[in-house]
Amino acid sequence: QVQLVESGGGLVQPGGSLRLSCAASRSIFSGYAMAWYRQAPGKQRELVARIRAGGSTTYADSVKGRFTISRDNAENTVYLQLNSLKPEDTAVYYCKSDGFRGWGQGTQVTVSS
């Protein structure tokens, strides 16, 4: 069964950090770019960061310098390190594979004091 399973979200104070993980089925991970998206209430889903199979990365301007995407090809897992979190980072975070049309269940990140 092909799947994406996100984890690691939670409630954190402004300025805090979280590390999100996404475990993917090998068939949709190996050789494909992976990405993290987020969707805040009442807003469209937006691309946060993307990492190609070779490791090159791109980031949304709003998260550059604060978030870091990485991948572990042996574990078929993509990570998103979130630092210096702001209330406007509150959203459900989803991972996505270029090799799969579907989405995981997402993981909630809430930044609040």
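The questions and answers below go through a predicted model, from its overall build to single residues.

Me: How many strands does the protein have?
Reply: The model is a predicted one. Read along the sequence, the pattern is β-β-β-β-β-β-β-β-β-β. The protein has zero helices, and its strands number ten.

Me: What is the radius of gyration of the protein, and what does the globule rule give for 113 residues?
Reply: The C-alpha atoms fill a box of roughly 40 × 25 × 25 Å along the principal axes. The protein is as compact as a globular protein of its length, because its radius of gyration is close to what the globule rule gives for 113 residues. Both the radius of gyration and the value from the rule are 13 Å.

Me: What percentage of the contacts with a separation of 6 or more comes from residues 24 or more positions apart?
Reply: Of the 113 residues in the protein, 41% are buried. Among contacts with a separation of 6 or more, the share from residues 24 or more positions apart is 53%.

Me: Which are the edge strands of the open sheet of six strands?
Reply: The order in this sheet is β2-β10-β9-β4-β5-β6, and its pairing is mixed. An edge strand pairs on one side only. That holds for β2 (10–12) and β6.

Me: By how many degrees are neighbouring strands of this sheet turned against each other on average?
Reply: The sheet in question is the open one of six strands, with β9 placed between β10 and β4 in its order. With direction ignored, the average turn between neighbouring strands is 25 degrees.

Me: Which residue in β10 is the bridge partner of V92?
Reply: Strands of a sheet pair through backbone hydrogen bonds, either parallel or antiparallel. Here β9 and β10 (residues 107–111) run antiparallel and are joined by three bridges. Within β10, V92 has as its bridge partner Q108.

Me: Which residues does the disulfide join?
Reply: A search of the whole structure finds one disulfide, with an S to S distance of 1.8 Å. The pair links distant parts of the chain, one cysteine in strand β3 (residues 18–24) and the other in strand β9 (residues 91–97), 73 residues apart. Both cysteines are buried. The residues joined are C22 and C95.

Me: Is S97 buried or exposed?
Reply: S97 is placed in strand β9. Leaving aside neighbours within four places in sequence, S97 is in contact with L4, I28, Y32, A33 and M34. Its relative accessible area is 0%, and buried means under 20%, so S97 is buried.

Me: Which residue has its backbone oxygen 2.4 Å from a polar atom of the S97 side chain?
Reply: The contacts of S97 beyond four places in sequence include Y32 and I28. The backbone oxygen lying 2.4 Å from a polar atom of the S97 side chain belongs to I28.

Me: What is the relative accessible area of R66?
Reply: R66 lies in the loop between β6 (57–59) and β7 (67–72). Leaving aside neighbours within four places in sequence, R66 is in contact with Q81, L82, N83, S84, L85, K86 and D89. R66 counts as buried because the cut-off is under 20% and its relative accessible area is 10%.

Me: Which residue has its backbone oxygen 2.9 Å from a polar atom of the R66 side chain?
Reply: R66 and L82 are 16 residues apart along the chain, and their C-alpha atoms are separated by 6.3 Å. The backbone oxygen 2.9 Å from a polar atom of the R66 side chain is that of S62.

Methods
Residues numbered from 1 in each chain as written. Predicted model: local features only at pLDDT ≥ 70, side-chain atom pairs only at ≥ 80, totals over all residues. Heavy atoms only, no water. Helix = DSSP H or I, 4+ residues; strand = E, 2+ residues; numbered from the N terminus. Buried < 20%, exposed > 50% of the residue type's maximum accessible area, 1.4 Å probe, protein only. Contact = heavy atoms within 4.5 Å. Polar contact = N/O pair within 3.5 Å; in protein donor to acceptor, adjacent residues only side chain to side chain. Disulfide = S-S within 2.5 Å. Pairing = 2+ DSSP bridges. Axes fitted to C-alpha atoms, helices over the stretch in contact; angles between N-to-C directions. Rg over C-alpha atoms; globule rule 2.2 N^0.38 Å.
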